[in-house]
Every structure is written in C-alpha cells, then in structure tokens.
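User: I'd like a close look at one part of this structure, with enough of its surroundings to place it. Please explain the terms as you go, since I spend my days at the bench.

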Amino acid sequence: MAFGKEDVLSVSGEYGVINQIAFQGRSFAGESVADYHVVETDDIVYTKSPLKANPYGIIKVNKGIPGIVSTLYAVYHPLNTIAPRFVDLYFANDLRLNKFLKPLVNIGAKHDMKVNNSFVLTGIVVFPSIGEQQKLVGFFAKLDRRIEAQRKIVEALKKYKRGLLNKVFSNINGNIYPTVYLSKVADFLQGLTYSPSDVSVSGYLVLRSSNIQNGVLSFDDCVYVDKKVDESLQVKCDDVIMCVRNGSKKLVGKTALIPNNMAMTTWGAFMMIIRSKLNDTYIFHYLNSQMFFSQVFKDTGTATINQITKGILNECKLPLPPETARKQISKMLSLFDVKIQNAEMCLTTLVELKKALLQQLFI
C-alpha cells in the first residue's frame with residue numbers, strides 16, 4: 001500500500017503550542033513479499049482486527065526488530081516532531097484509544113468494520129512538546145523496569161518456595177519420617193448444593209474457584225445465598241479450601257487457607273474443605289507440594305483428570321514428622337508465604353500506579 005501523501009495527526013500542545021505531527025505511510029513491494037508492509041523499529045502500526053476491549057482496532061509502536069506485516073495492518077513512520085514510544089503511552093488507555101478510533105470507523109452493510117488506512121491517524125489528540133514526550137517516555141520506561149524487576153522477585157520467591165516444599169516433603173537429608181494416609185490426619189468435606197433461586201445480595205458467602213487467587217482468598221467475585229446452612233458446612237480458621245472440580249484442569253487442586261473471622265461463610269459443590277486434625281498448617285503446605293500433586297495426577301498420561309475425589313485424597317500419603325518439627329516446618333513455610341504475598345502486593349501496587357498515572361496524565 002503506497003501513500004501519495006502524508007497522513008497528518010493534528011496535535012494540540014498542552015503548553016499553548018499547536019504542533020502538526022506527521023506520519024508517513026510505509027509500503028513494500030517486492031517479488032516474494034508483494035503487498036506486505038515494512039515495519040521498522042519505532043514505526044507505528046494499526047490493525048483493524050477487533051478485540052473485545054478494542055472494537056475499533058489497536059495502535060501500537062513496534063519496539064522489536066524490523067520486519068514485514070500483511071495488508072491487514074497499516075504502518076506509519078513518525079517524523080521528528082514525536083517520540084514514537086509516547087504514542088504507546090497515549091493509547092495505552094482503552095477508552096482513549098476507542099474514543100480516538102470510533103469516528104474513523106465505518107460500518108458496512110454486513111456490519112463488518114471498514115477503516116480506511118489513509119485516515120487512521122487523522123484524529124485530534126493532545127500531545128506535549130517533543131521534550132516533554134521524551135521525559136515521560138523515560139519516566140515510564142523506568143517504571144516498567146521497576147515493575148519487571150518486582151515481577152522477577154515474585155517469580156524467584158515462588159521458585160524458591162517450590163524448592164522448600166520439595167525438600168520438606170521428600171524425606172531427604174536423613175530426615176526419614178513415617179508416612180501416613182492423608183485421611184488419617186484430615187477430614188474431607190463436600191460443598192454446599194444450592195439453586196439459582198437461593199442466590200441473594202446477602203446471606204452466606206459461598207466460596208468458589210474464583211475466590212482463590214495466587215494461593216490466597218480473593219473477594220472480587222462473590223456469591224451469597226439466602227438459606228439455612230448447617231454448622232458442618234461453615235468454614236473454620238485454618239481450614240484448607242480446595243477447588244476439586246473445574247472445566248479447566250489447571251484450576252483443579254488450587255488451595256487457600258481460611259483465615260480467622262470468616263463468619264457466615266460456606267463453600268460450593270465444586271470445592272472441598274480439607275480440615276486438619278493436627279492443629280497447624282502443615283497439611284496446607286503439603287497440599288501445595290509436588291509430592292501431593294504427583295499422587296493426585298499420577299494417571300494423567302492416560303486420562304484427563306478434571307476433578308479430585310475423596311477416593312483420590314484417601315490414597316494420598318504424606319510424611320509426618322513429630323509435632324515439634326512439624327510446627328517448625330509450618331512456621332517457616334507460612335512466613336515464606338507472607339514474604340511472597342508482600343512481594344505480590346508490591347507488584348500489584350506498581351501496576352495499579354502505572355495504570356492510574358496513564359489515566360490521569362492525558363485527561
């Protein structure tokens with residue numbers, strides 16, 4: 001696709017200066033890759049392929065090496081009046097991107113999206129001067145590096161935790177503990193069955209798979225039922241809530257520890273409470289170990305297991321140290337869980353900070 005003219009993006013400067021930022025359309029015509037477009041580093045690329053969050057397409061800057069793309073993409077080269085990476089910052093907010101693109105989109109007779117590539121970057125935006133753009137790009141680049149560093153800290157802590165679990169629950173270093181069946185030291189309690197008519201805006205909280213996120217309870221997606229719930233179906237402190245049935249195998253087996261003060265809380269039919277008889281959190285940590293999962297999913301080579309039954313749990317074995325050693329192990333692993341949770345909270349805060357800054361920056 002060759003352009004006979006430059007596509008101009010009109011820009012109102014935040015500091016009283018009106019700039020005209022031009023983007024020159026790029027194309028490539030060759031024997032083997034005719035009708036493909038060249039994409040250089042820092043070129044701006046638009047694709048009209050709609051996504052749920054971006055029904056009018058996406059605008060992104062190529063941060064990678066040069067390449068080619070099909071004619072489904074429009075490619076633009078920013079001139080010297082714009083810091084290319086600033087475009088990514090400006091359009092990182094979906095609402096802002098959609099608002100910019102919507103007037104440029106025409107709906108065809110079959111309700112298919114038709115966007116003329118020559119007009120993609122002709123909307124009005126508010127950009128600061130090139131110097132301010134570069135400062136903002138630099139600031140957010142540093143923030144991105146901090147976020148990525150924190151993400152690596154979380155990953156490293158989780159990897160180390162897996163190593164600790166493997167060491168504790170593999171009887172190595174001469175600590176040969178007797179093994180017992182899980183059913184000897186824990187009870188398995190099936191969840192509450194309820195109908196849609198029982199769902200209410202208040203009442204008993206029903207813990208479901210979505211309430212377990214990263215090994216802890218999350219309350220972003222809650223369901224309540226207005227019905228009588230027996231005491232045997234109400235959670236207790238240090239119970240382990242486990243997802244035992246799900247359409248997605250990767251969610252089966254995920255757990256969280258029930259904290260104190262969880263009044264009027266029960267659990268759904270696809271969940272199970274594993275209630276320890278040991279008066280500590282040792283079993284919770286065991287349920288997150290490779291030793292446990294290797295027993296639960298030992299037959300996955302021949303069948304897809306999307307549920308964990310009482311029968312499977314009854315057959316699981318675990319090493320059982322003396323009470324003093326067991327409590328020391330539980331305390332060590334629990335403290336490490338707190339360290340991971342704090343690192344994840346820091347990561348979430350950084351990500352939310354970036355999101356808030358991007359939203360407030362271009363009001």
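Analyst: Let's begin with a term we'll need soon: two residues are in contact when heavy atoms lie within 4.5 Å. This is a predicted model, in which local features need pLDDT of at least 70 and side-chain atom pairs count only at pLDDT 80 or more, while totals for chains, interfaces and linings use all residues. Residues are numbered from 1 along each chain as its sequence is written, and side-chain values use heavy atoms, with hydrogens and water left out.

With that in hand, look at Asn-54. Setting aside neighbours within four places in sequence, Asn-54 is in contact with Asp-94, Leu-97 and Asn-98. Asn-54 sits in the loop that links strand S4 (44–47) to strand S5 (58–61). Helices (H or I, at least four residues) and strands (E, at least two) are DSSP runs, numbered from the N terminus. Although it lies in a loop, Asn-54 is buried, at 8% relative accessible area. Buried means under 20% relative accessible area, exposed means over 50%, and partly exposed lies in between (1.4 Å probe, protein chains only).

Val-87 belongs to helix H1 (residues 84–90) and is buried too, with a relative accessible area of 3%. Beyond the four places on either side in sequence, Val-87 is in contact with Ile-44, Ile-59, Val-61 and Ile-82. Val-87 and Gln-133 are 46 residues apart along the chain, and their C-alpha atoms are 9.3 Å apart. For the chain as a whole, residues 24 or more positions apart account for 75% of the contacts with a separation of 6 or more.

Now to the part I'd like to show you most closely, the sheet around strand S21. Strand S21 (residues 271–276) has five of its six residues buried, so it is largely enclosed by the rest of the structure. Four strands make up this open sheet, in the order S12-S21-S18-S19, with antiparallel pairing. S12 and strand S19 (255–257) are at the edges with a single partner strand each, so one side of each has no neighbour in the sheet. From one strand to the next, the twist averages 25°; axes are lines fitted to C-alpha atoms (for helices over the stretch in contact), and angles run from 0 to 180 degrees between N-to-C directions.

Two strands count as paired if DSSP finds at least two bridges between them. On one flank of S21, strand S12 (residues 186–190) pairs with S21 antiparallel over five bridges, and Ala-186 has Ser-276 in S21 as its bridge partner. S18 is joined to S21 by four bridges, again antiparallel, and here Cys-243 is matched with Met-271 in S21. As background, strands of a sheet pair through backbone hydrogen bonds, either parallel or antiparallel.

Just before S18 comes Cys-237, in the loop between strand S17 (223–225) and strand S18 (240–243). Cys-237 counts as partly exposed, because its relative accessibility is 42%. Apart from neighbours within four places in sequence, Cys-237 is in contact with Ile-258, Pro-259 and Asn-260. The C-alpha atoms of Cys-237 and Leu-257 are 8.0 Å apart, with their positions 20 residues apart in sequence.

S17 itself leads to another open sheet, with strands ordered S13-S17-S14-S20 and mixed pairing. Strand S13 (199–200) and strand S20 (265–267) form its edges, each with a single partner strand, so one side of each lacks a neighbour in the sheet. Strand S14 (residues 204–207) pairs with S20 in the parallel sense over three bridges, with Leu-207 opposite Trp-267 in S20.

To set all this in the whole chain: there are eight helices and 22 strands, and 41% of the 363 residues are buried. The accessible surface comes to about 19,900 Å², 55% of it from carbon and sulfur atoms; areas come from the Shrake-Rupley method with a 1.4 Å probe, and for residues, only the protein chains shown count as cover.
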